[in-house]
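Grab a coffee and open the viewer: here are a few short exercises to work through with the structure at hand. Each task is followed by a solution that goes step by step.

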Amino acid sequence: MNIDRRKFLHLGLGFAALPLVGRGLRAATSSPAAGRARLRDLGIAIGSLAPGTYNAITDVDGVAVGHVTLIEGEGMLRPGLGPVRTGVTAILPHGGDLTREQLFAADFTLNGDGELTGVGPIRRSGRLGAPILLTNTSSVGAVYDGAMGYMLERNPDLFSLPTRPEPVVGETWADFLNDTAGRHVRPEHAVQALHRARGGSVEEGCVGGGTGMRAYGFKAGIGTASRLLSVEERSYVVGVLVQANQGRRGQLLVDGVPVGRGISDLLPARGSTEGDKSLLVIIATDAPLLPIQLQRLCKRAALGMARTGGISTAGSGDLLLAFSTGQKLAGEAATSLQMLSNSFITKLYQGVVEATEEAILNALTAAYTMVGRDENTIHALPLDRLVEIMRRHGKIE
């Protein structure tokens with residue numbers, strides 16, 4: 001059974017009668033990623049700006065990330081039973097109650113063949129008052145449900161607020177490896193990912209919402225990176241987290257080098273050929289920016305994707321969201337606001353472009369080869385061959 005993503009969405013309640021299996025699935029906390037590495041571990045540095053301590057979105061103070069990874073079963077697809085290769089990734093923009101201490105935010109749709117819930121309130125108010133979660137296409141409703149319960153537990157008066165925030169839930173299509181129709185991600189998995197959210201280093205590759213994803217014909221998933229900036233004797237951080245599921249093999253560029261054309265084998269085995277895929281980008285910064293400025297950051301993240309070779313195809317759901325922790329908005333009235341002058345925002349643009357490019361590449365170098373439904377296989381980017389190609393092009397000494 002191999003259903004096109006949008007055809008699946010149009011089936012609506014057709015799968016409602018499937019048994020609710022999967023509650024006993026292993027919620028993996030580790031992965032067989034021995035021998036995998038981040039891009040900089042291989043001696044490849046993107047851009048000229050320095051990364052933060054963890055080179056992750058969590059370098060923005062207060063931002064936390066958590067994953068729940070669901071890997072179960074093997075062999076032929078049995079809808080509702082597996083195999084399962086999916087999960088959920090949660091991002092908490094700060095450690096307090098987001099519904100009471102909201103942040104300025106904005107989104108941008110580069111290509112809209114995908115779903116990102118919760119952007120209606122953000123577009124109307126310019127505020128983010130909810131966690132951000134990433135998953136696979138059929139699990140948006142369950143993740144939204146779990147996140148809403150999490151928010152109501154912290155603020156029972158949520159629906160009495162003048163500005164009622166909604167969970168932000170994004171999806172990409174994992175059907176090549178995963179039992180999409182089985183809808184194995186449950187509301188409790190979303191809550192678990194939120195409770196697991198921590199600062200510090202972030203697990204990448206085949207984890208959380210990125211478990212079943214591929215990019216440029218290689219296994220991919222979650223990736224992250226950050227950049228440090230100095231503006232008028234003030235220091236700021238820009239961090240990016242991606243769920244990478246886009247592009248075709250021949251498009252892949254690493255620091256401008258056509259790596260995809262240099263590795264023409266190891267294509268996804270069995271199942272469907274390469275098709276349109278999607279990219280989710282979440283941007284965080286501690287610079288005091290207004291929503292209109294944050295939307296400009298979203299647009300620059302598209303340039304970061306382009307530097308890895310992506311073109312945002314007609315069937316892509318390339319959806320981007322940015323928020324600033326520079327000021328917390330408690331209540332509807334604000335006595336004063338800060339705003340970084342547009343004269344200095346170009347440095348932030350550069351940070352977003354570089355961090356997005358590196359985050360996508362980290363998703364590729366961290367991910368391991370995975371076999372899923374119907375024995376469909378997505379191979380990992382071979383790091384030894386990547387290093388050889390980059391050395392041949394003078395990018396590594």
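## Exercise 1: Salt bridges

Task: find how many salt bridges there are, then say how far the partners in three of them are buried or exposed.

Solution. Start with the total: the count comes to 13 salt bridges. Keep in mind that this is a predicted model.

Step 1. Look at Arg100 and Asp97, whose side chains meet in a salt bridge with N to O at 2.5 Å. Arg100 has 40% relative accessibility, so it counts as partly exposed. Asp97, at 18%, falls under the 20% cut-off and is therefore buried.

Step 2. Move on to Glu153 and Arg154, a salt bridge in which the closest N and O atoms are 3.9 Å apart. A pair is accepted within 4 Å, so this one passes. Glu153 is exposed at 58% relative accessibility, while Arg154 is partly exposed at 33%.

Step 3. Now take Arg307 and Glu357, with their closest N and O atoms 2.7 Å apart. Arg307 belongs to helix H6 (residues 291–307) and Glu357 to helix H7 (residues 345–366), so this salt bridge ties together parts that are 50 residues apart in sequence. Arg307 is partly exposed, with a relative accessible area of 36%, whereas Glu357 is buried, at 2%.

Step 4. Finish with a network: Arg40, Arg227, Glu354 and Glu358 are joined into one by salt bridges that share partners.

## Exercise 2: Two packed helices

Task: describe how helix H3 and helix H4 pack, and name the residues that make the contact.

Solution. Two packed helices are described by the angle between their axes and the distance between the axes.

Step 1. Helix H3 (residues 140–154) and helix H4 (residues 187–196) pack at an angle of about 55°, and their axes are 7 Å apart. Angles of 65 to 115 degrees would count as roughly perpendicular and those under 35 as roughly parallel, so H3 is oblique to H4.

Step 2. Check the handedness: the crossing of H3 and H4 is right-handed.

Step 3. List the contact residues. H3 contributes Ala142, Val143, Asp145, Gly146, Ala147, Tyr150 and Arg154. From H4 come Pro187, Ala190, Val191, Leu194 and His195.

Step 4. Sort the residues of this contact by type: 8 are nonpolar, 2 polar and 2 charged. Arg154, from the Glu153 salt bridge in the previous exercise, is one of the H3 residues in the contact.

## Exercise 3: One residue and the whole chain

Task: is Met305 buried or exposed, and which residues is it in contact with beyond its neighbours within four places in sequence?

Solution. Step 1. Place Met305 in helix H6. Its relative accessibility is 3%, so Met305 counts as buried.

Step 2. Leave aside the neighbours within four places in sequence, and Met305 is in contact with Leu110, Tyr216, Gln246, Leu279, Gly310, Ile311, Ser312, Asp318, Thr356 and Ile360.

Step 3. Try a distance as well: the C-alpha atoms of Met305 and Ala355 are separated by 10.0 Å, and the two residues are 50 apart along the chain.

Step 4. Zoom out. The chain has 8 helices and 15 strands, and 59% of its 397 residues count as buried. Of the contacts between residues at least 6 apart in sequence, 82% join residues at least 24 apart.

Notes. Residues are numbered from 1 along each chain as its sequence is written. This is a predicted model: local features need pLDDT of at least 70, side-chain atom pairs count only at pLDDT 80 or more; totals for chains, interfaces and linings use all residues. Side-chain values use heavy atoms; hydrogens and water are left out. Buried means under 20% relative accessible area, exposed over 50%, partly exposed in between (1.4 Å probe, protein chains only). Helices (H or I, at least four residues) and strands (E, at least two) are DSSP runs, numbered from the N terminus. Axes are lines fitted to C-alpha atoms, for helices over the stretch in contact, and angles run from 0 to 180 degrees between N-to-C directions. Angles under 35 degrees count as roughly parallel, over 145 as roughly antiparallel, 65 to 115 as roughly perpendicular and the rest as oblique. A crossing is left-handed if the near helix is turned anticlockwise from the far one by less than a right angle, and right-handed if clockwise. Contact means heavy atoms within 4.5 Å. Ala, Val, Leu, Ile, Met, Phe, Trp, Tyr, Cys and Pro count as nonpolar, Asp, Glu, Lys and Arg as charged, and the others, Gly among them, as polar.
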